[in-house]
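Colleague: I'm new to this and would like a walk through the model. Can we start with the basics and then take it question by question?

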Protein chains: 2
Amino acid sequence: MGWAEVSAEDNLLKLVEAEEPDENDYRLQEQVGFILRKAHQRHVSIFAAHIADLTPPQFAALAKLRDVGETSQNQLGSLIAMDAATVKGVIDRLKARGFVELSKHEVDKRRLLVNLTAEGRDAIERLIPLAREITQETLAPLSAKEAAIFMKLLAKLA
Amino acid sequence: MGWAEVSAEDNLLKLVEAEEPDENDYRLQEQVGFILRKAHQRHVSIFAAHIADLTPPQFAALAKLRDVGETSQNQLGSLIAMDAATVKGVIDRLKARGFVELSKHEVDKRRLLVNLTAEGRDAIERLIPLAREITQETLAPLSAKEAAIFMKLLAKLA
DNA sequence: TTGATATCATTTGCATACGAATGAATTTCC
DNA sequence: GGAAATTCATTCGTATGCAAATGATATCAA
């Protein structure tokens with residue numbers, strides 16, 4: 001096969017590819033959702049290796065309560081991106097462990113107020129240094145500059 | 001208070017800060033794990049809006065079976081990042097819907113082989129174009145160049 | 001004021017996700 | 001060949017995560 005024929009075939013191929021970029025070609029491992037799920041799994045695993053007795057959602061609830069003080073259960077949920085059903089379970093388990101206490105709102109009787117106990121406050125203060133390590137280890141595959149770019153883009157996406 | 005005194009205080013502050021960069025300052029919403037969780041939630045929500053009758057893990061199983069053909073249940077799990085317990089539930093539900101069929105490995109009697117049914121193959125072929133839209137919409141907050149960078153860094157992280 | 005809406009919380013049902021324990025079958029290694 | 005280790009799959013328990021339905025309370029508006 002001569003040089004010109006190969007070139008013609010190449011050009012035809014390119015034309016076809018331009019029309020149908022990847023008709024039969026769907027690569028699961030390159031899809032953002034699939035990799036996002038794996039990255040999240042990896043982070044949860046790193047978290048568990050550093051903080052064995054609390055899950056990331058439980059930690060998030062304690063950390064946010066430390067920031068904002070007493071809030072209603074649903075309000076806390078919206079601050080840490082959990083719907084009402086999910087946050088209830090998280091708070092129930094934190095209450096069972098003595099990290100938070102619940103009380104009724106005086107005025108609005110619908111609201112259930114959540115607050116840290118002394119034990120909960122001790123726990124979150126003790127765990128925050130470990131959480132810093134978790135963040136570092138999660139980002140460890142990236143250079144400092146890459147990590148900064150990644151965080152900016154990830155925030156845009158979330 | 002004189003100029004020199006202010007300067008001395010500033011220097012002291014800077015020294016202290018250099019030792020303890022952010023003792024009391026832990027911002028949950030800036031931690032990679034927290035944002036990763038939110039980004040993943042957003043993607044799942046976009047997925048559900050486009051593909052209502054299948055979850056992302058179920059879709060991943062079908063898409064991978066389309067790629068590799070018949071495999072054992074555990075092997076499929078490792079290809080799509082699911083442990084044995086999780087993949088079993090996913091495959092059970094796909095089987096109940098007629099998308100996959102199970103058979104015993106002739107030689108190695110421990111293995112449970114999974115394969116697409118004709119219906120499963122039709123479904124995945126039909127859904128792949130929607131999955132492309134899901135990827136696009138998930139990445140929509142980023143420019144093309146940003147998306148390319150993000151995917152490269154995310155892959156490094158996962 | 002009261003009737004429609006909206007908000008807060010709970011419950012149920014379903015679907016990941018994973019550690020740990022178990023049992024069956026296979027492989028490895030002495 | 002046979003004991004030990006490994007692999008495949010299942011089951012159980014616990015913990016998110018979300019949709020949908022429900023009940024109680026609050027707010028809005030006619």
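Modeller: Sure! First a term: a polar contact is a pair of N or O atoms within 3.5 Å; within protein, one must be able to donate a hydrogen and the other to accept it, and residues adjacent in sequence count only if both atoms are side-chain atoms. This is a predicted model, where local features need pLDDT of at least 70, side-chain atom pairs count only at pLDDT 80 or more, and totals for chains, interfaces and linings use all residues. Residues are numbered from 1 along each chain as its sequence is written, chains are lettered from A and ligands numbered from 1 in the order in which they are written, and side-chain values use heavy atoms, with hydrogens and water left out.

Colleague: How far is a phosphate oxygen of DNA strand C from an N or O atom in the side chain of A:R37?

Modeller: Chain B reaches phosphate oxygens of DNA strand C too: a polar side-chain atom of B:Q58 sits 3.0 Å from one, and one of B:R93 sits 2.7 Å from one. For A:R37, the distance is 2.9 Å.

Colleague: How many residues surround DNA strand C?

Modeller: A residue counts as near if one of its heavy atoms lies within 4 Å of the strand. The closest include A:Q73, A:N74 and B:T55. The full count around DNA strand C is 23.

Colleague: Which element gives the most to the surface near DNA strand C?

Modeller: Helices (H or I, at least four residues) and strands (E, at least two) are DSSP runs, numbered from the N terminus. Among those that supply at least two residues each are α2 (32-50) of chain A and α3 (56-68) of chain B. The top giver, with 4 residues, is α5(B).

Colleague: What is the bridge partner of A:V100 in β3(A)?

Modeller: Two strands pair if DSSP finds at least two bridges between them. Strand β2 (residues 100-104) of chain A pairs with β3(A) in the antiparallel sense, over 5 bridges. Across from A:V100 in β3(A), the bridge partner is A:L116.

Colleague: Is A:A81 buried, partly exposed or exposed?

Modeller: A:A81 lies in the loop between α4 and α5 of chain A, and has a positive phi near 60 degrees without being a glycine. Most residues other than glycine have a negative phi. Buried means under 20% relative accessible area, exposed over 50%, and partly exposed in between (1.4 Å probe, protein chains only). Because its relative accessibility is 21%, A:A81 counts as partly exposed.
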